[in-house]
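Let's walk through this fold together, one question at a time. Have a look at the model first.

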Amino acid sequence: MFMSISTTGSVEGPATDLGFLLHKHPGKVQRFATSHGEAHVFYPEAGDDVCTAALLLDVDPIALVRKGRGKGRGGSPDFALAQYVNDRPYAASSLLAVALRTVFRSAMKGACPARPGLADRPRPLRITLPAVPANGAGEGGGPVMAVRLFEPLGWRVEAVALPLDEAFPEWGESRYVRLALVSDAVRLADALQQLYVLLPVLDGAKHYWVAPDEVDKLLAAGEGWLAAHPERALITRRYLSRSRALTRVAMERLELARLAEADDREPEEVDNAVDDRPEEPAEATGATGATSEPKPPSLAGRRRAAIIAALREVGAARVADLGCGRGELIGELLKDARFTEVLGVDVSARALQAAARGLRLDRMPERLAARVTLAQGALTYTDARLKGFDAAVLCEVVEHLDLPRLPALEYAVFGAARPGAVVVTTPNAEYNVRWESLPAGAVRHADHRFEWSRAEFRAWAERVAAVFGYTVVLRPVGPEDEEVGAPTQLALFRLGTGPAEQTPTGTARTDQAATDQAATDPTPTEHTPTDPAPEGGESR
């Protein structure tokens, strides 16, 4: 099993700088023990103009059988003879990928203490692999697969299918290719990381058992390039030996990394939509634990009821819950047969997992499960999956965005997705003075980037409606206070309908809206605010 790496010299340094990058002296032949044989590193040529380093892996087929019995393709053959007669000693595969990590560990990390800054400098590289298995398995193998994997990374790919037997060309091509990768400027560390991932992907099989920690290895080696690769789904699936569970986990983490990088944020900052707090605090009870009056509905419950009433009002059947969190609203929508399709979208993989558990999707009857889909995505980017819905809901979502990012959400939802109606709810900042446990000037949730007054929300809603061709009515949600209004404010946008009627207080409402609100949110005789903590995006 053989691979060579060549580079050329420049005014910045001789080609023999490759020895510093690989941490292997050009004047020596070195040998390293690996788990399946011996690896040899030597330099066929080493000059100021051209330098080539070669890695020769001498696989021990007996050791491969003994250590891999029952594991992977080499350990579970169709015939006993295949344990000893196979392509492993000759064709670059996951064995070579493991050898790369063993022999060139420091080079893959981009470490070069002897020449600081050298590892960060792109340089011309040519990587040659005389024989690489390129199995299709229904996904298009051979040279086409090599081009699909390496060309998007900036490599010029020279892939030639090898014949089964040169003496008998009529037998056709084998599943092996002669592969050369050429780049005018690439970091050696990046090249090695890409080879570490893509050699097993080309092969379509691994010589060892794929455990859950392979997801971490994939994401570590793919940092900076895999999330944006157009074939990331194929790469992930084949690298993880087509394990559906591991592939799902890896794809969720890759999508989160891509979205976080696009927003110049850490993944932990983005994946924060779920915490361990209850949706609403319990009401105080007497010593016996009994209450003399029925417990009033929670604010989150009233909010969901107001949203569903608005959706019924516009006759929506296909609804997208954007920023769905734990999926409480989705659960309520599924109880009503008029909502025939519900899409839940959230940037947080943890939130989607919590929603799937809370909805019991794995136990849900097939007909009911067919009505709901959960998908990971960022609402600040246009997404073709969001088009064609009768209505979209942004329940306690907008306040979790930085204000400079809000125009991107406006265009993605109102401009690109363009549903027939949009329901938006957000806290009423004026009402915060009624929360006894909330310090003056504080927002209701640590992740809220802002909270609007009624006038600010009305101004935003009317501007968005005018820009994107909607009209809007505004409604209070929850018990109304004469001075500061209701704790939550709701805006119902309709595409291309008539103008809204303004109430004396400046809140846009219709007579029908007032009737619906009275039906869903009866005002209690005595108003006692509760803890504001659940008012964040995770309280739906």
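Q: Which residue in β9 does Asp-321 stand opposite?
A: This is a predicted model, where local features need pLDDT of at least 70, side-chain atom pairs count only at pLDDT 80 or more, and totals for chains, interfaces and linings use all residues. Residues are numbered from 1 along each chain as its sequence is written, and side-chain values use heavy atoms, leaving out hydrogens and water. Strands here are DSSP runs (E, at least two residues), and helices are H or I runs of at least four, numbered from the N terminus. Opposite Asp-321, in β9, stands Gly-344.

Q: How many bridges join strand β8 to strand β9?
A: Two strands pair if DSSP finds at least two bridges between them. Strand β8 (residues 318-322) and strand β9 (residues 341-346) run parallel, and the number of bridges joining them is 5.

Q: Which are the edge strands of the open sheet?
A: The sheet has 7 strands with mixed pairing, in the order β10-β9-β8-β11-β12-β14-β13. Each edge strand pairs on one side only: they are β10 (372-376) and β13 (470-477).

Q: Why is α4 described as roughly antiparallel to α7?
A: Axes are lines fitted to C-alpha atoms, for helices over the stretch in contact (heavy atoms within 4.5 Å), and angles run from 0 to 180 degrees between N-to-C directions. The axes of α4 (residues 94-103) and α7 (residues 188-203) come within 8 Å and cross at roughly 155°. Angles under 35 degrees count as roughly parallel, 65 to 115 as roughly perpendicular, over 145 as roughly antiparallel and the rest as oblique. That crossing therefore makes α4, relative to α7, roughly antiparallel.
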